[in-house]
Amino acid sequence: MTVRRLTCEIACQMSRRRQVLLLRKRAALLDRLRSLPNVMRGNVYRRLRRCGRAGCACARDKRLGHPALQVSVSQRGRTRTRHLSPAQASVVEQWVSSYRLLWGLVEELTAVNLELLALDGAADAAEGSDG
């Protein structure tokens with residue numbers, strides 16, 4: 001057995017081990033992805049609103065207002081906002097948190113899949129150089 005062939009076999013074995021590890025990682029990421037609850041892209045924030053009543057303090061002083069919770073979402077180039085009750089805000093914050101987790105999982109899956117593609121190409125190249 002030549003040194004070149006032995007080196008190629010060692011590289012292929014290391015590549016296969018790495019591939020197995022990456023496939024396991026991908027399976028774990030996909031399991032986490034499947035277990036995510038409802039998701040929503042957006043931001044929940046608190047702002048001060050004016051009620052519109054002439055006798056209210058918020059009408060006399062622009063720095064005053066009534067606290068309100070809102071969600072803001074950009075869709076098809078337009079920003080949409082909705083007022084939320086405290087109970088709704090709690091639920092929507094969980095959805096937004098799940099969306100951020102989802103996005104992180106997608107990024108990790110992309111990195112794993114890119115590495116798997118590179119390993120697959122490296123294995124093909126190593127096998128082709130024996131010929």
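What follows is a conversation between a visitor and a guide about a predicted model.

Visitor: Let's start with S72. Why is S72 called buried or exposed, whichever applies?

Guide: S72 has a relative accessibility of 17%. Buried means under 20%, so S72 counts as buried. This serine lies in strand β2.

Visitor: Which residues does S72 touch, leaving out its neighbours up to four places away in sequence?

Guide: S72 touches G42, N43, Y45, T79, R80 and T81. One of these, T81, is also the bridge partner of S72 in β3.

Visitor: And G65? What makes G65 buried, partly exposed or exposed?

Guide: Its relative accessibility is 24%. The partly exposed class runs between the 20% and 50% cut-offs, so G65 counts as partly exposed. You will find G65 in the loop between α2 (57-60) and β2 (66-75).

Visitor: Which residues does G65 touch, again not counting those up to four places away in sequence?

Guide: They are L48, R49 and C58. For L48, the C-alpha atom is separated from that of G65 by 4.8 Å, with the two residues 17 apart along the chain.

Visitor: How do you know that β1 and β2 pair?

Guide: Pairing asks for at least two bridges between two strands. Seven bridges join β1 (residues 43-49) to β2, so the two count as paired. They run antiparallel, and R46 stands opposite L69 in β2.

Visitor: What makes β2 and β3 a pair as well?

Guide: The cut-off is again at least two bridges, and β2 and β3 (residues 78-84) have seven, in the antiparallel sense. They therefore pair. Their hairpin has two residues between the strands, and R76 takes a positive phi near 50° there.

Visitor: Now the helices. What makes up the largest nonpolar core?

Guide: Eight residues do: L22, L29, L36, L105, L109, V112, L116 and L119. A nonpolar core takes buried residues of certain types, Leu and Val among them, joined through side-chain atoms within 4.5 Å. As members of this core, these leucines and the valine therefore count as buried, each under 20% relative accessible area.

Visitor: Which elements give two or more residues to this core?

Guide: Those are α1 (3-34) and α3 (86-130). The largest share, five residues, comes from α3.

Visitor: Which residues does L22 touch, not counting those up to four places away in sequence?

Guide: L22 touches V112, E115, L116 and L119.

Visitor: What other core lies apart from the largest one?

Guide: Another core, of seven residues, lies apart from it; V71, V73, A89 and V92 are among its members.

Definitions and conventions
Residues numbered from 1 in each chain as written. Predicted model: local features only at pLDDT ≥ 70, side-chain atom pairs only at ≥ 80, totals over all residues. Heavy atoms only, no water. Buried < 20%, exposed > 50% of the residue type's maximum accessible area, 1.4 Å probe, protein only. Helix = DSSP H or I, 4+ residues; strand = E, 2+ residues; numbered from the N terminus. Contact = heavy atoms within 4.5 Å.
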